[in-house]
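This report describes the architecture of a single protein chain, proceeding from overall dimensions to individual side-chain contacts. The structure is shown first.

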Amino acid sequence: MLSINNLSLQFGGQYLFKDISAQIQRGDHVGLVGVNGAGKSTLMRTMCGLADSDPGVITRASWFTVAYLPQEPKLTDSGRTLYEEAERAFDAVLAQQKELETLHRDLADLDPNDPRMDSLLQRQGELQHALEESGVFNMQPRIERVLFGLGFKSQDLARPVNQFSGGWVMRLLLAKLLLQQPALLLLDEPTNHLDLDSLTWLEDFLQQYQGAIMLISHDRSFLDHITSTTWELSLGKLTVYRGNYSHYVLEKAQRLEQERAAYENQQAMIRQTERFITRFRYKATKARQVQSRVKQLEKLEMIELADTERSIHFSFPPAAPSGRDMLTLKDVGKRFGDRELFHGLSFTLRRGDKLGVIGVNGAGKTTFLKMLAGLEAAEGAIRYGHNVVLSYFGQHQAQELAGERSVVDTVYSAAADLSISQVRSLLGAFLFTGEAVEKQVRVLSGGEKSRVALAKILVRPANLLLLDEPTNHLDMSSQEVLQEAMARYEGSIIVVSHNRFFVNAFVNKVLEIKDGSATIYEGNVDDYLEHRRLAAEREQAQVQVNTRDTGAAEAEPERSGDRRQQRRQRAQERQALNKKLGPWKKRNEEAEAEINREEARKKELEELMASPDLYGDQARWAEISREYAQVQRHVERAYQKWAEAQEAMAAIEAGEE
């Protein structure tokens, strides 16, 4: 178990965290969410020891190992190949294996009567047991499984690491963490640079991961499929929601509604109390009542509203109407020298069609969009329909922005019918607020420039959008603004994106580029993945039919006597384990019951505090406010008891007690 105990961190006199506490148990799958700047990455760095904290603030059990993947990982050039670098995940195990080999040689040369014999034999047994548990004897297939799952090919294994791009280096470092199998994986945007196939493989791998996981991700589908708990950082506080991201969104909306009502009631009560104090401050007959209300305000636990993003909506500027057929492809292909990306692609894009393009990295998705935009030569015929106005977003646009212009001027100069306030609203959705819109483009980071370039494209009137990874540098709220606008857009869209939740809301066709061919599927990405799943099941079923008889012939029946002995032994082990677990299970159940009871009372009090009739009754308000603070303390203590019980049971099950 890892515990965060009253963690506080200040920057420039403002709290990033203030007395936050939480625990991660073995097997927890946690999504860490919050607005940009809330401190998500800083919290992860603190949890793994890369950022300073006071002694005792971050504690963990001795067996609870932690591994961290940052957003922009770096790898020192060591001259090693891909396989050799991945193999370093087993460095500790390989050292044990080397020690065991040395022991074998020493024991072979040692006199049986030597007094060191017993200790060497004991160490030999310990090492053999550790190596059997580690899986070192099937190390090569494990390494290849993870590397191939993340998109590497067999021919890549012998390539030097320094030949790979930054995105592929990130995959390698992710592979090393997965191979290490730590008790807690901290992953900060692990889906960056992953194509849909690699992302799907990683999702399946993490769903089955036995250790604990904490994720920061802007891919809502990825979070939903992997996490069962959500931690939200907001206003320096950490709130735990039991459920995945979609559950968190629903529960947060309910909590915010109750919070807002309670906040408004408290503010009304404060205003009423302050008016009473101001009115009767110097009246002797009211002195006692005035002092009572002053003390009441001093003791009042103030309700703070959580961070909420402004409600921003964006609509594409209207473009001239086009013909029914927007785009027609006939036997389109592309090759670079001897390498063929794809061939024979023929289809027609109708007005209103929205097409998602998917495929592994290097399949040719970006090249395909560039061909449609006229930036790459193409084999075959590409014809646009009547009155088609095309707008293309690719990563290179960020480098073409004029560095001396401000952010708002850059976007406003491209807008046809949008006012300056509408442009500022759009920039707010793309994370440029306040004085940030006046920054010169040349001082922006690469991600910020990319967002400006995307905004500049979106404000131009067009009826056909070609978009290459438009959500790469957008947070959840920005994605939702763009997603909503895409769904309402009356023109046609061709988009390359690995963000399934984003594209699922508006695409009605999927183009898969794979192994030199391109295939159109009706429906969204979920429909495409379901088609693939069913195809894989049919293939697996056929393999099972072919091997069933062979497997049955080779299987040897277990002797009945051995089975009875094994059952007795397992029963004895279960009895011993249950005897140790019993007291802690009882304490765990008591803590859970207390949590449910206190949380229910807390909800009742929040509903009372949201009542418009309450703030007029000063005594009743003070009484409920005091009880609410007391219940909050009870809830925190109950969670601490529950965490202690969970930690103890985990240690017993791990054989440490």
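A residue counts as buried under 20% relative accessible area, as exposed over 50%, and as partly exposed in between. By this criterion Arg 350, at 32% relative accessibility, is partly exposed. The model discussed here is a predicted one.

## Overall architecture

The protein chain contains 657 residues, of which 46% count as buried. Its secondary structure comprises 19 helices and 18 strands. The C-alpha trace extends over about 100 × 75 × 45 Å along its principal axes. The surface that the protein chain exposes amounts to about 34,500 Å², and carbon and sulfur atoms supply 46% of this area. When contacts between residues at least 6 apart in sequence are considered, 69% of them join residues at least 24 apart.

## Nonpolar cores

The largest nonpolar core has 49 residues, and the members that touch the most others are Phe 316, Leu 427, Phe 430, Phe 432 and Met 486. At least two residues of this core come from each of α12 (407–412), α13 (420–429), α14 (446–458), β15 (464–468), α15 (476–488), β16 (492–496), α16 (500–504) and α17 (525–554). Helix α14 provides the largest share, six residues.

The surroundings of Phe 432 illustrate the packing. Leaving out residues up to four places away in sequence, Phe 432 touches Val 407, Leu 427, Val 437, Leu 444 and Val 452, and also Glu 448 and Arg 451. Another core, of 45 residues, lies apart from the largest one; Ile 143, Leu 157, Ala 175 and Leu 223 are among its members.

Helix α15 has 13 residues, for which a rise of 1.5 Å a residue predicts a span of 18 Å; the end C-alpha atoms are 19 Å apart, in agreement with that expectation. The buried residues of α15 are Met 476, Ser 478, Gln 479, Val 481, Leu 482, Gln 483, Ala 485 and Met 486.

## Helix α9 and its salt bridges

Helix α9 covers residues 245–280, which is 36 residues. The distance from its first C-alpha to its last is 51 Å, close to the 52 Å expected at 1.5 Å a residue. The N-terminal end of α9 is capped by Asn 244, a side-chain oxygen of which lies 3.3 Å from the backbone nitrogen of Ser 246.

Across the whole structure, 26 salt bridges are found. Three of them are tabulated below.

| Pair | Closest N to O distance |
|---|---|
| Lys 252 and Glu 232 | 2.8 Å |
| Glu 251 and Arg 255 | 2.9 Å |
| Asp 325 and Arg 350 | 2.2 Å |

What does the pair of Lys 252 and Glu 232 tie together? Lys 252 lies in helix α9 and Glu 232 in strand β8 (residues 229–234), so the salt bridge links parts that are 20 residues apart in sequence. Lys 252 is buried, at 12% relative accessibility, and Glu 232 is buried as well, at 5%.

The pair of Glu 251 and Arg 255, by contrast, lies within helix α9, where the two residues are four residues apart, about one turn of the helix. Arg 255 is partly exposed, with a relative accessibility of 29%.

The third pair connects two strands: Asp 325 belongs to β10 (residues 325–336) and Arg 350 to β11 (residues 339–350), so parts that are 25 residues apart in sequence are tied together. Asp 325 is partly exposed at 31% relative accessibility, and Arg 350 is partly exposed at 32%. Elsewhere, Arg 80, Glu 85 and Lys 176 are joined into one network by salt bridges that share partners.

## Helices α18 and α19

Ala 643 is located in helix α19 (residues 618–653), and Asn 588 in helix α18 (residues 560–609). The two residues are 55 residues apart in sequence, yet their C-alpha atoms are 8.3 Å apart in space.

Is Ala 643 buried or exposed? With a relative accessibility of 1%, Ala 643 is buried. Asn 588 is likewise buried, at 9%. Not counting neighbours within four places in sequence, Ala 643 is in contact with Met 1, Gln 23 and Gln 25. With residues up to four places away in sequence again left out, Asn 588 touches Trp 642, Ala 645, Gln 646 and Met 649.

Key
Residues are numbered from 1 along each chain as its sequence is written. This is a predicted model: local features need pLDDT of at least 70, side-chain atom pairs count only at pLDDT 80 or more; totals for chains, interfaces and linings use all residues. Side-chain values use heavy atoms; hydrogens and water are left out. The expected span of a helix is 1.5 Å times one less than its number of residues. A polar contact is a pair of N or O atoms within 3.5 Å; within protein, one must be able to donate a hydrogen and the other to accept it, and residues adjacent in sequence count only if both atoms are side-chain atoms. A nonpolar core is a set of buried Ala, Val, Leu, Ile, Met, Phe, Trp, Tyr and Cys residues joined through side-chain atoms within 4.5 Å. Buried means under 20% relative accessible area, exposed over 50%, partly exposed in between (1.4 Å probe, protein chains only). Contact means heavy atoms within 4.5 Å. A salt bridge is a side-chain nitrogen of Lys or Arg within 4 Å of a carboxyl oxygen of Asp or Glu. Accessible areas come from the Shrake-Rupley method with a 1.4 Å probe; for residues, only the protein chains shown count as cover.
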